[in-house]
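Me: I'm new to this one and would like to learn how to read it feature by feature. Could you walk me through it?

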Amino acid sequence: MQPKILITGATGNTGAEVVRQLLAAGHGVRVLAHSTESAKKLPRGVATEVGDFDDTIALQRAFADIEAVYALTPVNPKSVEWMQRLVEVAKQADVRRFVKLSGMTAGPDSPAGLIRDHGASDDYLRRSGLTYTIVQPNSFMQNMFWSIDSIRSHGAFYQPTGDARQSLVDIADVAAVVVKALTERGHENKTYVLTGPESLSFQEVADKIAAAIGKPVQYVPVPRVAAEQSMLQSGMPGWMAHTLVEFYGAMATGAFAGITGDIERLLARPATSFDAFIARHVAQFE
């Protein structure tokens, strides 16, 4: 089957699930892979083009004869520049649908540079003349996987998010919306803010994990400075540690507590609850 849909970031959180759902539905998929090693991680039936976001020639090859693209760039100081390049190559290739991953609250007023960058690239896409859909999810339920080791060893997880509430969203739901936007009409020039069905404090998240695994779990709020120092001591680059702690600080303001209902409207079913998510992955936390 000649691929008509291009996916960037196909081995990442949402990209891998988008690829899985597209293949399950019988769609031809091409992936922009950053290396031959990353291409080996892809499932069978996926066409690949190896190249990075700085390689315009590779991007042009990847976009050739493509009708729709799911575009995301990794957290990086060059993320806005890279997204702008993807938009321009898509215009040259006459792509019909450009679906972009953004983030909830994306815009110039965010206290987090990561979210401001999303807002800048969202605005660039809106002005580009391409037919677009922008998907702005809240933080993923799957981000709790980062805390599996501390939950198993200490019965606790640690974040600089205070007592703020958040409407965490399941990546599978986000991917299902992306697939609809890539393959169906009616999503032209729309922005969807995707949240879970409930707004939870992280202690409530801890309580739900504890109930599922039958062991006590505690959420421990930590100061931002301490969190950043811990990331640096683990070997994380300074810019990445600062970016993540700044994002956690934005979460701590309560700006991510809202519930939009966009998933329910678009998928004609309830959004996945955290209880359902943890039941699906309970073995990983035990």
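Me: Let's begin with the empty spaces inside. How many cavities of 30 Å³ or more are there?

Reply: Keep in mind that this is a predicted model. The count comes to one cavity of 30 Å³ or more. The largest cavity holds about 50 Å³ of space.

Me: Which residues line the largest cavity?

Reply: Its walls are made by Arg97, Phe98, Thr131, Tyr132, Thr133, Ala181, His187 and Glu188. Sorted by class, that lining has three nonpolar, three polar and two charged residues. You can also ask which strands contribute: S5 and S6 (132-137) each supply at least two residues of the lining.

Me: And the open spaces? What is the volume of the second largest pocket, and which residues line it?

Reply: The second largest pocket has a volume of about 160 Å³. Lining it are Lys4, Ile5, His27, Gly28, Glu67, Ala68, Arg96, Arg97, Leu182 and Thr183. That lining divides into three nonpolar, three polar and four charged residues.

Me: Now the sheet. In what order do the strands sit?

Reply: Read the sheet across, from neighbour to neighbour. Here seven strands form an open sheet in the order S3-S2-S1-S4-S5-S6-S9, with parallel pairing. S3 and S9 (190-194) stand at the edges with a single partner strand each, so one side of each has no neighbour in the sheet. From one strand to the next, the twist averages 20 degrees.

Me: How do I follow one strand's pairings? Which residues stand opposite Val31?

Reply: Take S2 and look to each neighbour in turn. S1 (residues 5-8) runs parallel to S2 and is joined to it by four bridges, with Ile7 opposite Val31. S2 also pairs in the parallel sense with S3 (residues 46-50), over five bridges. There, Thr48 is the bridge partner of Val31. Elsewhere in the sheet, four bridges join S4 (residues 68-71) to S5 (residues 97-101), again in parallel, and Val69 has Phe98 as its bridge partner in S5.

Me: What links S1 to S2 in the β-α-β unit, and which hand does the unit have?

Reply: Helix H1 (residues 13-24) is the α part, and S1, H1 and S2 make a right-handed unit.

Me: Is S2 covered on one face or on both?

Reply: In a regular strand the side chains alternate between the two faces of the sheet. For S2, both faces are covered: Val29, Val31 and Ala33 are buried on one side, and Arg30 and Leu32 are buried on the other. That makes five of five residues buried in S2 (residues 29-33).

Me: What about a helix residue, say Leu23: how exposed is Leu23?

Reply: Leu23 lies in H1, and its relative accessibility is 25%, so Leu23 counts as partly exposed. Sequence distance and spatial distance are worth checking too: Leu23 and Arg44 are 21 residues apart in sequence and 9.3 Å apart in space, C-alpha to C-alpha.

Me: Last one, the backbone. Which residues other than glycine have a positive phi?

Reply: Asp65 is one of them, with a phi of about 65 degrees. Asp65 sits in the loop between H3 (56-63) and S4, and is exposed at a relative accessible area of 58%. Asn189 is another, with phi near 55 degrees. Asn189 is found in the loop between H7 (171-183) and S9, and counts as partly exposed at 43% relative accessibility.

How values were computed: Residues are numbered from 1 along each chain as its sequence is written. This is a predicted model: local features need pLDDT of at least 70, side-chain atom pairs count only at pLDDT 80 or more; totals for chains, interfaces and linings use all residues. Side-chain values use heavy atoms; hydrogens and water are left out. Buried means under 20% relative accessible area, exposed over 50%, partly exposed in between (1.4 Å probe, protein chains only). Two strands pair if DSSP finds at least two bridges between them. A crossover is right-handed if, with the strands pointing away from the viewer, the path from the first strand over the helix to the second runs clockwise. On a 1 Å grid over the protein atoms alone, a cavity is a set of points where a 1.4 Å probe fits but cannot get out, and a pocket is an open set with protein on both sides within 12 Å along at least five of seven lines; lining residues have an atom within 4 Å of a point. Grid points are joined across faces, edges and corners, and a volume is the space filled by probe spheres set on the points. Ala, Val, Leu, Ile, Met, Phe, Trp, Tyr, Cys and Pro count as nonpolar, Asp, Glu, Lys and Arg as charged, and the others, Gly among them, as polar. Axes are lines fitted to C-alpha atoms, for helices over the stretch in contact, and angles run from 0 to 180 degrees between N-to-C directions.
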